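Dear colleague,

Here is the structure I promised to hand over, with my notes on its nonpolar regions underneath. Please read them alongside the coordinates.

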Amino acid sequence: MIGAIERPQLSRPTLRDIARDLGPQEIGNGLVALLFSASGPIAVILAAAASGNLTPEQTSSWIFGAFLGNGLLTLFLTWFYRSPQAYFWTIPGTIIVGDALTRLTFSEVIGAYMVTGVLVFLLGWSGLIGRLMAWLPATIVMAMVAGIFLRFGLELVYAIIDAPLIALPMFLVFILLTALPRAAAVAPPVAVAAVVGTVMVLMLGELSPGALDNGIVASPLITAPTFSFAAMAELVIPLTITVVIVQNGQGIAVLRAAGHRPGVNLAAAASGLWSIPVGLIGTTSTCLTGPTNALIVSGPRKERHYTAAMVTAVGAIFVGLVSPAFVGFMLAMPISFIAALAGVAMLIPLRNAFLAGFKGSFSTGALVCFLITVSELTLLGITAPFWGLVFGGVVGWLLDRG
């Protein structure tokens, strides 16, 4: 064992094991998790890149690292631990970076990525983050997850109201297949809903032109980092907190709720170490993502969840290679389709987050955490989920300890 990083608890799967455990449910869940990551979150990257007036080549390199780089990490660690653990990029961190790019150069931001990566790695390698997460009550962490996932459920409702011809058939087919477990085992509900929605978009002529305007194959572009005090002061601490507490906290909580035993120190060490090479090609810090892992582990058989994560990883590697074309197609789809797909995909994870967050101890602290998380409060450049954990934890330890 290196430092405090957790050892694998299960044997590594062989090709025969993977073929046996890979079924329609796992393939569907893995592809839906990939579609989720390659839709709405991509828009956050594009908005951040636009804030810094990045070139198309720099933006394409950013997305290349976000998918191909993190897909490789996901594939290796999922196989090595025989446990699902999807790594992508921090969405709140990307928002913070987008704001910083209005004042800092891209090379200064990349310098901050390098320092953040080293700091996050040391927190995992030393075991400090594991001890901190062990102190946080699980119900409060899951209440934070529920607060983050809530917007997906609300956006599903808005999509049905605004574009019923697209969103309503997706919702109805999801409900129908979910109510029929035998059918769902052959035709995964969310994947079928995505197909139905795509057909409706094409029939209605809602696909925007220009999906291939930025090309097909991505080419990474290495940018030399610049280490400036302004970038360090503005980005390193917020990015570190976002990765190790907010994002990794979500991923750990989601995987634990599904019956897995993810390594807290491993997640931090892997996120920090991997953030360095992907950061050099422009990608925001790596993290153990919450929503994507929630979709991966939504199947009924937890011993087969790792194959769904492998499907997501292989798909992410492919998306990274053809990121301009794939992302262009996803952004050409109407907003209502993206919202409806994310909404139906997150319904079960959202329900599970509420059940885990509000049954058991520290319920008052969990409520405070949930309310602050959905408030979108930002203090000192740090977003609401972190403050939800802070204030929820304080209230929980004051009022709920009995």
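Leu380 sits in the loop between α18 (363-374) and α19 (384-399), where helices are DSSP runs of H or I with at least four residues, numbered from the N terminus. Because its relative accessibility is 74%, Leu380 counts as exposed, the classes being buried under 20% relative accessible area, exposed over 50% and partly exposed in between, with a 1.4 Å probe and protein chains only. Together with Leu379, Val390, Phe391, Val394, Leu398 and Leu399, Leu380 makes a nonpolar surface patch of about 700 Å².

The model is predicted, so local features need pLDDT of at least 70 and side-chain atom pairs count only at pLDDT 80 or more, while totals for chains, interfaces and linings use all residues. Residues are numbered from 1 along each chain as its sequence is written, and side-chain values use heavy atoms, with hydrogens and water left out.

Turning to the interior, the largest nonpolar core (buried Ala, Val, Leu, Ile, Met, Phe, Trp, Tyr and Cys residues joined through side-chain atoms within 4.5 Å) has 79 residues, and those with the most contacts inside it include Tyr87, Phe149 and Phe337. Helix α8 (residues 138-162) supplies the largest share of this core, 12 residues. A second, separate core has 32 residues, among them Ala38, Ala48, Ile63 and Ala316.

Helix α5 (residues 91-100) is largely enclosed by the rest of the structure, because 7 of its 10 residues are buried; these are Pro92, Gly93, Thr94, Ile96, Val97, Gly98 and Ala100.

Best regards

Key:
Helix = DSSP H or I, 4+ residues; strand = E, 2+ residues; numbered from the N terminus. Patch = residues over 30% accessible without salt bridge, like charges linked within 9 Å, V, L, I, M, F, W, Y side chains within 5 Å. Areas by Shrake-Rupley, 256 points an atom, 1.4 Å probe, with all protein chains shown as cover. Salt bridge = Lys/Arg side-chain N within 4 Å of Asp/Glu carboxyl O.
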